[in-house]
Amino acid sequence: MMDGHCSKLGVFSFAFAVGLASGLGTLFLGLMGHFYGWGVEVIKLMSSVYKGFEATVHGGIIGGFWAFLDGFIWALIVAIIYNLCIRCCPHKSPTVK
């Protein structure tokens with residue numbers, strides 16, 4: 001940080017925000033594939049990870065759920081590791097001469 005202070009992340013807030021962004025993005029992709037045919041090859045690839053994800057409204061909702069869950073779990077792990085790492089932070093501003 002600019003002032004030399006290290007701040008902890010709100011683990012669940014961060015995880016929810018990343019999960020929500022991931023889920024909404026995946027839902028959007030599924031809807032765009034359904035209505036406009038955009039990203040259908042990407043959707044097919046992602047469906048190998050997110051079971052039930054396809055270029056339909058229902059498939060977009062299923063993919064959005066899986067992406068939310070996936071993003072939430074990974075962000076939770078990242079936030080916990082980050083908070084463990086900043087324990088080493090000195091919490092003091094370096095003196096400027």
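Start the tour by selecting the cysteines of this predicted model, where the count of disulfides comes to 0. Cysteine 85 takes part in no disulfide, and the nearest cysteine sulfur to its own belongs to cysteine 88, 6.9 Å away. Why is cysteine 88 without a bond to cysteine 85? The separation of 6.9 Å between the sulfur of cysteine 88 and that of cysteine 85, the closest cysteine sulfur, is too far for a bond, given that a disulfide calls for sulfur atoms within 2.5 Å. If you switch on a surface, cysteine 88 will be found exposed, with a relative accessible area of 70%.

Next, zoom out to the whole protein chain and colour by secondary structure, which gives 3 helices and 0 strands, arranged along the sequence in the pattern α-α-α. Of the 97 residues in the protein chain, 27% count as buried. If you draw the contacts between residues at least 6 apart in sequence, 62% of these join residues that are at least 24 apart.

Now select residues 57-85, which make up helix H3: the helix has 29 residues, and the distance from its first C-alpha to its last is 41 Å, close to the 42 Å expected at 1.5 Å a residue. At the N-terminal end of H3, show the side chain of threonine 56, which caps the helix through a side-chain oxygen lying 2.8 Å from the backbone nitrogen of glycine 59. Glycine 59 itself is among the buried residues of H3, which also include Gly60, Gly63, Gly64, Ala67 and Gly71, and, further along, Phe72, Ala75, Leu76, Ala79 and Asn83. Helix H1 (11-36) is part of what covers these buried residues, so display that helix alongside H3.

With H1 and H3 both on screen, select phenylalanine 68, which is found in helix H3. Which residues does phenylalanine 68 touch, not counting those up to four places away in sequence? They are Phe16, Gly19, Leu20 and Gly23. A distance monitor between the C-alpha atoms of phenylalanine 68 and glycine 19 will read 4.1 Å, although the two residues are 49 apart in sequence.

Stay at this place and turn to the rings, for the structure holds 5 aromatic pairs. In one of them, the rings of phenylalanine 16 and phenylalanine 68 have centres 5.7 Å apart and planes at 75°, so the pair counts as edge-to-face. This pair links distant parts of the chain, with phenylalanine 16 in helix H1 and phenylalanine 68 in helix H3, 52 residues apart. Both residues are partly exposed, phenylalanine 16 having a relative accessible area of 45% and phenylalanine 68 one of 24%. Add Phe12 and Phe72 to the selection, and you will have one aromatic cluster, formed by Phe12, Phe16, Phe68 and Phe72.

Moving along helix H1, select threonine 26, whose place is in that helix. Is threonine 26 buried or exposed? At 6% relative accessibility, threonine 26 counts as buried, because the limit for that class is under 20% relative accessible area. Expand the selection by contact, leaving out residues up to four places away in sequence, and the partners of threonine 26 are Met46, Tyr50, Phe53, Gly63, Gly64 and Ala67. Gly63, Gly64 and Ala67 were met above among the buried residues of H3.

Next go to asparagine 83, which also has its place in helix H3. Asparagine 83 is buried, with a relative accessible area of 9%. Leaving aside its neighbours within four places in sequence, asparagine 83 is in contact with Lys8, Leu9 and Val11.

For the last stop, select glutamate 41 and lysine 44, whose side chains meet in a salt bridge, with a distance of 3.5 Å from N to O. How many salt bridges does the structure hold? The count is 1. Side chains of opposite charge can pair when their charged atoms come close. Glutamate 41 and lysine 44 lie 3 residues apart in helix H2 (residues 40-46), which means that about one helical turn separates them. An α-helix has 3.6 residues a turn, so residues three or four places apart point the same way. With the surface displayed again, both glutamate 41 and lysine 44 will be seen to be exposed.

Key. Residues are numbered from 1 along each chain as its sequence is written. This is a predicted model: local features need pLDDT of at least 70, side-chain atom pairs count only at pLDDT 80 or more; totals for chains, interfaces and linings use all residues. Side-chain values use heavy atoms; hydrogens and water are left out. Helices (H or I, at least four residues) and strands (E, at least two) are DSSP runs, numbered from the N terminus. The expected span of a helix is 1.5 Å times one less than its number of residues. Buried means under 20% relative accessible area, exposed over 50%, partly exposed in between (1.4 Å probe, protein chains only). Contact means heavy atoms within 4.5 Å. A polar contact is a pair of N or O atoms within 3.5 Å; within protein, one must be able to donate a hydrogen and the other to accept it, and residues adjacent in sequence count only if both atoms are side-chain atoms. A salt bridge is a side-chain nitrogen of Lys or Arg within 4 Å of a carboxyl oxygen of Asp or Glu. Rings of Phe, Tyr and Trp (its six-membered ring) pair if their centres lie within 6.5 Å; planes under 30 degrees apart count as stacked, over 60 as edge-to-face and the rest as tilted.
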